[in-house]
Amino acid sequence: MKTLHKIAVPLLLVMALVVMGLLILRTESDVLLRLQELSLWLPTRHFFQTSVIYPGGVLTWMAAFMTQFFFHPWLGVTLMMLCWGLIMVLLCYHFHLRGPWRLMALLVPLALMACLVQMGYWLYYMKLQGHAWVPTLGVLLSLVLASVHMLLPRPWLKRCWLVAVGVLGYPLMGAWWVLAVALMIVPRHLRMQKSEAIDVALGLALVMVVPPVMVQQFYGQVQADTAWLAAMPSFQYGKTDCNIYRLPYYALALSFLLCALPALIYRNSEPAYKELRLSWFLSLLLIALGVFGVHKRWNHDTNFHKEVAMNNAIERLDWEGVLHTMLRQDMGKPMPPTRVMVMLKNLALFRLGRLGNEMFLYPEGAEQQHAEWQVRMTQVGGKLLYYHYGKEGFCYRWCMEDGVEFGWSVDVLKYMTKTSLITHDWDVAQKYIDLLKKTLFHKEWAEKYQALVRHPELMAKDEEMAPILPMAEFPDRLDGDNTLVELYLLKTFSSGFGAEPYYQEMTLACALIMKDIDLFWPRFHQYLNMHQHEEGFRVPRYYQEAAYLYSTLEPQRPSQLWPGLTNAQALEKIPFDDSVKQSYQRFMEFNTQCGSMSEDQKRVAFQPQFGDTFYYFYFLRRNQKTN
Amino acid sequence: MTSITNNVGNAVHAPSLGGGRGRLLLAISVFFMVACQQPKAPRQYAESQRPVAIFPDYRDVTVPVNIAPLTFNIDEEGTNFVTRFTAGGREWLLAGREVCPSPKQWSQMLSAMSPNGQQKVMVEVFVEAAGKWTRMAPFAIHVSPDTIDPYISYRIIAPSYVTYEDLTIRQRCLENYDESLIYGNMSNSDERDGQCINCHSYQQYNPQRLQFHVRQGHGGTIIAYDGKVERVDMKTGKTVSAGVYPAWHPTEKLIAYSTNKTGQSFHTHDNQKVEVQDTYSDLMLYDVDNHRVMPLEADTNQLDCFPFWSPDGRWLYYCSAHYEKRDTSQATTKEFDMIVNYKEVRYSLYRRSFQPQTMQFGPREVVYDAAADSLSATLPRISPDGRWLLFTQGSHGVFHIWHRDADLWLMDLQTGEMHAAAELNSDDVESYHSWSSNGRWVIFSSRRTDGNFTRPYIAHFDGKGHFTRPFELPQRHPNYHRELLRSYNIPEFMLGPVTIRPQQFAHAVRQDSIKAQAR
């Protein structure tokens, strides 16, 4: 039986780690990849010095270093699982967990896992450097320091170590140092000896005194009343306090207390045979509760994961991948898309030259992002959209704003590089490239863009930049987006005119999406003039549908295509596809049949048959609120 | 014998020792010998007439005798580098791409120059590439016996537009690299209540008499005067805002301010990125002792800004633009109108006499009508001897830090003649500037390095209207400014360090503010 425990328990723990790692990889790979893009670690003195001006700076610096490895999600997850494995070994050692009680050590990794997988939109809003790794490293370092304390042979040495950690741990680890001190002073059994009581008092005194003294003497940039929260993630954004995200951290603290219980009860001895069942039962019960907790805190938001996956696909210029992700059914509960998803899908279609034929073939919607605060498109997808639509000034602006507010990241440095290249701001592009060359995993990227510095002719041949350049060739003007990315893009494009076909089509598509008839006609006219002489030219479906609809809506209005004719007369001259005319007829007939329905009822009734038409979009898609 | 080669290509010989301990000793000995080995200049090399590429570019600059060592990075392709400094017949050799003379070496260089001899340090850079050494064209660092004020202060801020996170006002000793915090906003900021800080200013370079503003959380103006620190709320119903751009009166406990309603809009494409405009701005005077605000005239079509006192305190200089709404319909706001016509907003320089006894200002006088020349002049700063007026000029607007055509101009107030300070200017932005207390040095902001991040530059002034080639603020590590993703804002000279601790300022910020009264 004893041998069985010796083998079965470690095996179970290892298997649990493997399963946890695989689960994270399976569902969060895209998120982890994005996570490292939204982080930055540089091997420079300046970067280190910038980190350590706050308590816990060394820990966050280390955490930022480890975050880089999510560039290969499997590598980052493997490293994290190894750390969690080490944590379990140290927990067993520190708390003298024996027999089945060793399963209790899994509670801490489960809590750490919940800290990681609950992230959701905090991915974009978390200000703590290296936040994904901070809990793991904070726990690991605390256990290492506490284990060294246990290994020291003499009480006076232990006390010296306690004082050293109690004083120096705060600048190194921030609030996590409380855990290290607590692990050193927590009694191993219920009857505390006098010397242990002294250590407890000493440890508590250090915890109480060190932060305010350090803040008063060394940290001029820290608020005294938040000194005990240094290096802890803040789940407050603006005036919104998201307490629920703190649950895994409370669970983490609780799991340490639970790990301490067996030793307190059994005084370091192997549980007696008759107690084995109880220890198995209790351990497995607590683990089941832990698993349930992880499941409850796991962010299963389909749209969030799709947004991230689509974003990553665009970084790879995998436009088909964007569209594939938009339609994927295997990423959780189906739900209407967010505006970011719709915008990214439209961008992909535009880059593939299929916007006019396919824009309404995909789910439409304006689902709010599932977060306790107002998620802005400027933080989620906006910079990417501005960049690809040639609004380089606005892309750069939001990179700078986000870099300042949420910390510099590989992502903003890359976009600042690319926008600076397009606007020929060579020197500052070089500055960002030089910084990216120092990173562990983005040197290759930097080298690629290094070749474009002061070489606009190469940019014109670049797969990514070539289509953007004509979009950026418009007269400069002073403007503002009020953080409303979609609205700004729609308004500026739909009111714009351009001689370049690529740009021009965007003005037409945006006029169509704006449902603005006055803006649509001149751009449709220009579109026809630009393309009608091309061999095999056919007006894309949705431009036809819009023209057909607008002509029939205002039949007596003078045509903008054929001066002297009305829309009704001009309608006969445009070679509309039969399918366009027929679908319109069917739409109107169905509308007559559904005459008594409310608009909400019609929206549902029309969807299966007409959901992919412009007519449906025009009449039944309203209040697509953007953010 | 064991022989290794140091990075200059010279053999270093060390005796061979037997046994494990011997090998350890050998390794330690070799390490120390290599570490202590003086680099040597190559004996054979090719001459290049090409100026060496270094960062920061300290070629042929003039530095004060009490400046911290100039460090630089050699931006040449190569595998080994040796730099030879020569002064007063002595030479110092440094190896490596990063050239960082120690304070001791730097002090030796500056003291090696004979008082009557050439006041310069010659610098030769040798570069080894493909096994061959080349000596790049030597350059000089000229040393002026005119000392510079020992301290400067500045705000460190990312060149962002709306957001901010951690902002600091810092002070830096120019005689070494020591930098310390004067005040940091994070000591009083949290997620709910952010805090912006700006516009630090001193009375006559005195670090015990300063002011800076705190915006949003615990908003107000912090005024420290000879040890007393208070927070003042200067917003009254008679001004468009609290005090913004300050100017301490040189002798009286008075501070002139502009009051501004400021907005910004963004270039869609232009690299100048943002246009900051005042739609309303006036001047006011603040009486430090009596906490009284005295607005000057308030003309909504006249935009007064950036006050500065003459050294005798009898004149208040400032810039002002006349702007009337072009579109007189009610459909547009003045803000929108100004955005559309932003290139037509131009500032000229004015002054008004001041009688400290009566606290009365005289009528305004034109100093320089830049707008008449279709130019915009801002930030008037008078030299301590009262003769020279240094200002920033661009084609339009008030916030020249975002205008790439902005340059520094110098006017002789005795003759009224003026010219561009060509030695100071670059193709990029030159903007905020201030004179040292002896009038021999100016420090100014420039974005010449990369067009986006402001760095402080210092130049010598001969008192006759001529500047020397400016040098970038020296740093302990020469690539520091390349990595820094923040700008220096409002570099100001000080006679010494601010001794009030950041925590004391933080405490003062949290105290109740004193409400200023309008007169």
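# How the labels are earned

Modeller: Chain A's α5 has these buried residues: A:Leu107, A:Val108, A:Pro109, A:Leu110, A:Ala111, A:Leu112, A:Met113, A:Ala114, A:Cys115, A:Leu116 and A:Val117. This is a predicted model, where local features need pLDDT of at least 70, side-chain atom pairs count only at pLDDT 80 or more, and totals for chains, interfaces and linings use all residues. Residues are numbered from 1 along each chain as its sequence is written, while chains are lettered from A and ligands numbered from 1 in the order in which they are written.

Colleague: What makes helix α5 of chain A mostly covered?

Modeller: The count is 11 buried residues out of 11, over residues 107-117. A residue is buried if 20 or more other C-beta atoms lie within 10 Å of its own, exposed if 12 or fewer, and partly exposed in between, with C-beta atoms placed from the backbone. Helices (H or I, at least four residues) and strands (E, at least two) are DSSP runs, numbered from the N terminus.

Colleague: How much of chain A is buried?

Modeller: Buried residues make up 47% of its 627 residues. The chain has 31 helices and three strands.

Colleague: Why does B:Asp512 count as exposed?

Modeller: B:Asp512 has 10 C-beta neighbours inside 10 Å, and the exposed class takes 12 or fewer, so the label fits. This residue sits in the loop between α5 (502-510) and β37 (514-515) of chain B.

Colleague: Why is B:Tyr205 called buried?

Modeller: B:Tyr205 has 21 other C-beta atoms within 10 Å, and buried takes 20 or more, so the residue qualifies. Its place is the loop between β16 (195-203) and β17 (206-216) of chain B. Its phi is positive, about 65 degrees, although it is not a glycine.

Colleague: What makes a positive phi worth a remark?

Modeller: Most residues other than glycine have a negative phi. B:Asp226 is another non-glycine with a positive value, near 50 degrees. B:Asp226 lies in the loop between β18 (220-225) and β19 (228-233) of chain B.

Colleague: Is B:Asp226 buried or exposed?

Modeller: B:Asp226 has 7 C-beta neighbours inside 10 Å, so it counts as exposed.

Colleague: How do you know that the bond joining B:Phe55 and B:Pro56 is notable?

Modeller: It is a cis peptide bond, with omega about -10 degrees. Most peptide bonds are trans. B:Pro56 is in the loop between β4 and β5 (62-64) of chain B.

Colleague: How do you know that β4(B) and β6(B) pair?

Modeller: Two strands pair if DSSP finds at least two bridges between them. Two bridges join β4(B) to β6 (residues 72-74), so these antiparallel strands pair. B:Phe55 has B:Asn73 as its bridge partner in β6(B).

Colleague: What is the order of the open sheet with these strands?

Modeller: The order is β4-β6-β9 in chain B, with antiparallel pairing. β4 (54-55) and β9 (98-99) are the edge strands, each pairing on one side only.

Colleague: Why is β24 of chain B called largely enclosed?

Modeller: Seven of the eight residues in this strand (302-309) are buried, so the rest of the structure largely encloses it. Six bridges join β24(B) to β25 (residues 315-322), running antiparallel. One of the bridge pairs is B:Asp304 with B:Ser320. Their hairpin has five residues between the strands, and B:Gly313 takes a positive phi near 75 degrees there.

Colleague: How many residues of chain A are in contact with chain B?

Modeller: 40 residues of chain A are in contact with 40 residues of chain B. Two residues are in contact if their C-beta atoms, placed from the backbone, lie within 7 Å. α18(A) gives the most to chain A's side, with 10 residues. By class, that side has 12 nonpolar, 14 polar and 14 charged residues. Ala, Val, Leu, Ile, Met, Phe, Trp, Tyr, Cys and Pro count as nonpolar, Asp, Glu, Lys and Arg as charged, and the others, Gly among them, as polar.

Colleague: What makes β3(A) and β21(B) a strand pair?

Modeller: Two bridges join β3(A) to β21 (residues 254-267) of chain B in the antiparallel sense, so the minimum for pairing is met. A:Asp479 has B:Phe266 as its bridge partner in β21(B).
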